[in-house]
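Subject: Structure handover and findings

Hello,

Please find the structure for your work below. My notes on what turned up in it follow.

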Amino acid sequence: MMYDLAIAFPNIALHAADLPWRLASPSALNPEHTQLWESSDGTVLAWAVLQFPWHCLDYEIRPNDYSVELEASILDWGVTRVNAEALRRGNPLPFYVSARHDDATRIAAIQQAGFAFDGWSYVHMVRSLGTSIPDTQVPKGFHIRPLAAEGEIENYVAAHQAAFDSTNMTAAWRQATLRDPHYVPDLDLVAVGPDDALVAFCVCWITPPLAYPNGARVAQIEPLGVVPEYQRMGLGHALLMEVFRRARNMGAQRIEVDAESYNEASQGTYTSVGFQPVFEARFYLHRFG
């Protein structure tokens, strides 16, 4: 239901194609961290998820059912739950809500709920798959292949944690992504070295064939990473080229990615392979506890 609402309005949703990745997080799978708002006939009007791995509140509202009161109730639910969690932990807890830079209504609601712009954003970038895709140049001694399903989860988790210098990714989370009905194994790519060590990865998500007019599909990268000692070798570029081709062969007309506004290297990498910025999703911070 949550995924269906997001992909029904892709020009409004902050997360559409890649939403399964976020909904597989341990936080999203905790019923206490998820809330639905429904009409009397059971239609989902809105949903919200407390994403503790990223310290943020994800939420979407069906546009035709939008009201100031509904959005205020969503934010009040999130604020109440996060404040309770901060008190339980006994430590201050920073939490974010994001909004497109041009969504004045959402920004006003977020600020009314006590959040303030924190000075950074995700730059949402798009590349057409209708243009030429250069041949993949994989560094000598390395090769690209799909993840070896659940048997390679532990290796993936180790590479992910190293690439992002974070312990957020867990085996349970990665296993949940593999079991999501929207997961496509052939778009879950890894780069491995001569000893078959997993040193880089690129997970791509793609919308169902009938989600958009004329059967067009949209792909999104989430995430792309390279273990630090293997960076600047061209592995990330090679993974991108391969995922471009695979997504295009599956009917995707465009591919999307989010890059942090403060990460010039990441933006440079994506720009170099044809991505162009479309909008910014700005992050608003509230400190609880």
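Leaving aside its neighbours within four places in sequence, which residues is arginine 106 in contact with? The list is Leu14, Tyr59, Glu60, Glu71, Val97, Ser98 and Ala99. Please keep in mind throughout that this is a predicted model.

Arginine 106

This residue belongs to helix H4, which covers residues 104-112. Arginine 106 is buried but takes part in no salt bridge. The nearest side chain of opposite charge is that of glutamate 60, at 4.4 Å. A salt bridge is counted within 4 Å, so the pair of arginine 106 and glutamate 60, at 4.4 Å, is not counted as one. Glutamate 60 is nevertheless among the residues in contact with arginine 106.

Salt bridges

Side chains of opposite charge can pair when their charged atoms come close. The structure holds 13 salt bridges. These are the ones I looked at:

- Arginine 145 pairs with glutamate 152, with 2.7 Å between the closest N and O atoms. Both arginine 145 and glutamate 152 are buried.
- Arginine 245 and glutamate 242 form a salt bridge at 3.4 Å, N to O. The two residues are 3 apart in helix H7, which means that about one helical turn separates arginine 245 from glutamate 242.
- Glutamate 280 is bridged to arginine 282, the closest N and O atoms being 3.9 Å apart. Glutamate 280 is partly exposed at 30% relative accessibility, and arginine 282 is partly exposed too, at 29%.
- Glu85, Arg88 and Arg89 are joined in a network of salt bridges.

Cysteines

How many disulfides does the count come to? It comes to 0. For cysteine 202, the closest cysteine sulfur is that of cysteine 204, and the two sulfurs are not bonded because 6.4 Å is too far for a bond. Seen from the other side, cysteine 204 is in no disulfide, and its nearest cysteine sulfur, in cysteine 202, is 6.4 Å away. Cysteine 202 is buried, with 0% relative accessibility. Cysteine 204 is buried as well, with a relative accessible area of 2%.

Pocket and cavities

Rolling a probe the size of a water molecule over the atoms shows where empty space is left. The largest pocket holds about 1400 Å³ of space. Its lining is made up of 42 residues, and those closest to the centre of the pocket are Phe164, Leu224, Glu260, Asn263 and Ser266.

Which element gives the most to the lining of the largest pocket? That is E9, with 6 residues. The elements that each supply at least two lining residues are as follows:

- helices H2 (19-23), H5 (153-164), H7 (235-249) and H8 (264-272)
- strands E5 (116-128), E9 (217-226) and E10 (252-260)

Helix H7, which contains the pair of arginine 245 and glutamate 242, is therefore listed above among the elements of the pocket lining.

As for enclosed space, the count comes to 3 cavities of 30 Å³ or more. The largest cavity has about 110 Å³ of space. It is lined by 15 residues, and His15, Ser98, Tyr122, Ala281 and Phe283 lie nearest its centre. Two or more lining residues come from each of strand E3 (56-61), strand E4 (93-100), E5 and strand E11 (276-288). Strand E5 thus appears in the lining of the largest cavity and in that of the largest pocket. Ser98, one of the residues nearest the centre of the largest cavity, is also in contact with arginine 106.

Two contacts across the sequence

Alanine 24 is in the loop between H2 and strand E1 (34-38). It is buried, with a relative accessible area of 5%. Not counting residues up to four places away in sequence, alanine 24 touches Leu29, Trp173, Ala176 and Thr177. Arginine 174 is 150 residues from alanine 24 along the chain, yet their C-alpha atoms are separated by 7.9 Å.

Asparagine 83 is in helix H3 (residues 68-89). At a relative accessible area of 30%, asparagine 83 is partly exposed. With residues up to four places away in sequence not counted, asparagine 83 touches Phe288 and Gly289. Between the C-alpha atoms of asparagine 83 and glycine 289 there are 6.1 Å, although the two are 206 residues apart along the chain.

Regards

Note on methods: Residues are numbered from 1 along each chain as its sequence is written. This is a predicted model: local features need pLDDT of at least 70, side-chain atom pairs count only at pLDDT 80 or more; totals for chains, interfaces and linings use all residues. Side-chain values use heavy atoms; hydrogens and water are left out. Helices (H or I, at least four residues) and strands (E, at least two) are DSSP runs, numbered from the N terminus. Buried means under 20% relative accessible area, exposed over 50%, partly exposed in between (1.4 Å probe, protein chains only). Lys and Arg count as positive and Asp and Glu as negative; His and the chain ends are not counted. Contact means heavy atoms within 4.5 Å. A disulfide is a pair of cysteine sulfur atoms within 2.5 Å. On a 1 Å grid over the protein atoms alone, a cavity is a set of points where a 1.4 Å probe fits but cannot get out, and a pocket is an open set with protein on both sides within 12 Å along at least five of seven lines; lining residues have an atom within 4 Å of a point. Grid points are joined across faces, edges and corners, and a volume is the space filled by probe spheres set on the points.
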